[in-house]
Amino acid sequence: MNEETPMLFDVPATPAVPVKGEASAYPVHRIFCVGRNYAAHAAEMGFEVDREAPFYFTKPASAIVHTGATIPYPPGTQNYHYEMELVVAIGKPVFKADEKEAASAVYGYAAGLDMTRRDLQLASREKGRPWDLGKSFEKSAIIGEITKAADYGEIGRQRIWLTVNDETKQDSHLKDLIWKVPELISHLSGYYHLIPGDLIYTGTPAGVGPVVAGDVLAGGIDGLAGISLTIGDPE
Ligand code: MN
């Protein structure tokens, strides 16, 4: 087999995210997600803050959905939840990076939603099984336009919020992230060769909850492009 070997079927297009001020889009390679990265959210899920080490799950790059979409209520769940999150886009290769090098690897930031089949996630958790059915499914990673890190500045005082049908459900600040962005990238780079195209969903603040068909979600993070999502009927 070589580069000219034909493929048996059409290869799906690479998911990509628009970048503010750029004609080119950011192609997505992998999606890493951080669990329990705000104390108040850890508490609402029945846990105390764990400073020992962050933990992760992943979603396929094909789960990416652009802001503004209507997506069907997913199969197999009775408790479909939103999680509003800061998303970090990696811009250079890093492996076993210290925090300084990790910080320099950030290409930019975006607002995102880690959509979750909560009933399936909790059932897996209780049985000590992987979270894939609850977290890693089609159309579960909503993302807005990326703002380059150089155009954003220090992470901390920015508000992060989400409304459902104009009612505020999540309302916090990025300073409440337990694991800061350079810490996350440094830690994750101890386990993976991170490369441009890798996204990190950094965890959600308190206030997660269910949505149903017809709900309209709108989320924002100060200084970043906002996101919206409409939940459609089940397929
Ligand atoms: Mn999440």
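Biologist: Does threonine 202 count as buried or exposed?
Modeller: Buried means under 20% relative accessible area, exposed over 50%, and partly exposed in between (1.4 Å probe, protein chains only). Threonine 202 has 0% relative accessibility, so the verdict is buried.

Biologist: What kind of model is this?
Modeller: Residues are numbered from 1 along each chain as its sequence is written, and side-chain values use heavy atoms, without hydrogens or water. Local features need pLDDT of at least 70, side-chain atom pairs count only at pLDDT 80 or more, and totals for chains, interfaces and linings use all residues, for the model is predicted.

Biologist: Which backbone oxygen does the side chain of threonine 202 reach?
Modeller: Threonine 202 sits in the loop between β15 and β16 (209–210). Strands (E, at least two residues) and helices (H or I, at least four) are DSSP runs, numbered from the N terminus. A polar contact is a pair of N or O atoms within 3.5 Å; within protein, one must be able to donate a hydrogen and the other to accept it, and residues adjacent in sequence count only if both atoms are side-chain atoms. At 2.7 Å, the side chain of threonine 202 reaches the backbone oxygen of leucine 86.

Biologist: Which residues coordinate the manganese ion?
Modeller: Donors are N, O and S atoms within 2.8 Å of the metal (3.2 Å for Na, K and Ca); water is not among the atoms, so sites may look incomplete. The donor residues are spaced E-x1-E-x28-D in sequence. Glutamate 83 and glutamate 85 are buried. At 2.0 to 2.1 Å, the ion is coordinated by Glu83 (OE), Glu85 (OE) and Asp114 (OD).

Biologist: How many residues apart in sequence are the parts tied together by aspartate 114 and lysine 59?
Modeller: A salt bridge is a side-chain nitrogen of Lys or Arg within 4 Å of a carboxyl oxygen of Asp or Glu. Aspartate 114 and lysine 59 form one, at 2.8 Å from N to O. Aspartate 114 lies in β9 (residues 106–114) and lysine 59 in β4 (residues 56–59), so the parts they tie together are apart in sequence by 55 residues.

Biologist: Which residues do shared salt-bridge partners join into one network?
Modeller: By the salt-bridge rule, the count comes to nine. One of them, at 3.4 Å from N to O, links aspartate 176 and lysine 175. Aspartate 176 is partly exposed, at 35% relative accessibility. Salt bridges with shared partners join into one network Lys59, Glu83, Asp114, Arg118 and Lys135.

Biologist: How many of the eight residues of helix α5 are buried?
Modeller: Contact means heavy atoms within 4.5 Å. What covers the buried residues of α5 (residues 181–188) includes β3 (30–34), β8 (84–90), α2 (99–104) and β15 (198–201). Among those buried residues are Val181, Leu184 and Leu188. The helix is largely enclosed by the rest of the structure, because the buried residues number six.

Biologist: Which residue in the turn between β17 and β18 has a positive phi?
Modeller: Two strands pair if DSSP finds at least two bridges between them. Strand β17 (residues 216–221) and β18 pair in the antiparallel sense over four bridges, with leucine 217 partnered by leucine 229. The two form a hairpin with five residues between them, and the positive phi, about 90°, belongs to glycine 223.

Biologist: Which residue in β18 stands opposite isoleucine 71?
Modeller: Strand β6 (residues 70–72) and β18 (residues 227–232) run parallel, joined by three bridges. Opposite isoleucine 71 stands isoleucine 231.
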